[in-house]
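Q: Hey, I'm new to this one. Can you walk me through it?
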Amino acid sequence: MSKSKELSEFDRGSIVGFHLCGKSVREIADILQKPKSTVSDVIVKWKCRSREMVEKRTGRPKILGEHSRRTLKRVVKQNRKSSLVEISQEFQSSSGISISSRTVRRELKNLGFHGRAAAHKPNITPQNAKHCLQWCRAHRHWTVDMWKTVLWSDESRFIVWQSDGCVWVDAQQTFL
């Protein structure tokens with residue numbers, strides 16, 4: 001049998017309100033169309049805690065505490081160009097906690113870091129910019145036939161066996 005939904009605060013308040021008005025558990029269950037056991041449990045919990053709010057469930061404890069999350073953040077900020085595996089290994093060596101790279105990725109996202117391709121700064125020095133401008137001015141009067149004699153090559157880079165260098169950047173940071 002599947003679990004039912006959690007009762008809303010309104011439903012819990014209604015049950016407590018009917019109970020305070022002197023209604024029996026059976027009458028409350030009939031009015032609200034809820035099981036008698038549910039109505040009884042809400043009333044018992046209200047009497048014990050004097051409130052009808054739902055307590056937070058414990059769930060599975062997090063593997064990383066606040067101190068470990070700060071350590072992970074420090075490791076990432078020391079070398080932003082590290083891969084996820086390198087970050088995981090560095091964190092494990094510095095903190096002594098053994099966690100998977102998937103957990104590291106999830107915690108980095110929770111900390112506000114995102115894996116992005118690094119933004120490349122153009123390597124144009126003032127001297128190179130001057131030379132480019134001179135070249136453009138020298139060739140601005142070329143005709144279409146002259147440009148047809150130029151062979152244009154498209155430079156593409158292919159990386160087969162290694163990482164392309166995904167960089168973990170802060171959510172607020174746009175450039176490295």
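A: Sure, a definition to begin with: rings of Phe, Tyr and Trp (its six-membered ring) pair if their centres lie within 6.5 Å, and planes under 30 degrees apart count as stacked, over 60 as edge-to-face and the rest as tilted. This is a predicted model, where local features need pLDDT of at least 70, side-chain atom pairs count only at pLDDT 80 or more, and totals for chains, interfaces and linings use all residues. Residues are numbered from 1 along each chain as its sequence is written, and side-chain values use heavy atoms, with hydrogens and water left out.

Q: How many aromatic pairs turn up in the whole structure?
A: The search finds two. In one of the pairs, Trp-142 and Trp-147 have ring centres 4.8 Å apart and planes at 50 degrees, so that pair is tilted. Ring pairs also join Trp-135, Trp-142 and Trp-147 into a cluster.

Q: Is Trp-142 buried, exposed or partly exposed, then?
A: Partly exposed, because its relative accessible area is 30% (buried means under 20%, exposed over 50%, partly exposed in between, with a 1.4 Å probe and protein chains only). Trp-147 is partly exposed too, at 28%.

Q: OK, new topic. Which residues make up the largest nonpolar core?
A: There are eleven, including Leu-64, Val-76, Phe-91 and Phe-113. Helix H4 (66–78), helix H5 (84–95) and helix H6 (101–110) are the elements that each give two or more residues to this core. A second, separate core has nine residues, among them Leu-7, Ile-15, Ala-29 and Val-42. By core I mean a set of buried Ala, Val, Leu, Ile, Met, Phe, Trp, Tyr and Cys residues joined through side-chain atoms within 4.5 Å.

Q: And where does Gln-33 sit?
A: Gln-33 is in the loop between H2 and helix H3 (36–49). Helices here are DSSP runs of H or I with at least four residues, strands are E runs of at least two, and both are numbered from the N terminus. Gln-33 counts as exposed because its relative accessibility is 67%.

Q: What about the phi of Gln-33?
A: It's near 60 degrees, a positive value in a residue other than glycine. Most residues other than glycine have a negative phi.

Q: Last thing: which elements have the lowest and highest mean pLDDT?
A: Strand E2 (residues 166–170) has the lowest, 61, and helix H2 (residues 25–32) the highest, 92. The protein chain averages 81, with 78% of the residues scoring at least 70. pLDDT is the predictor's confidence in each residue, from 0 to 100.
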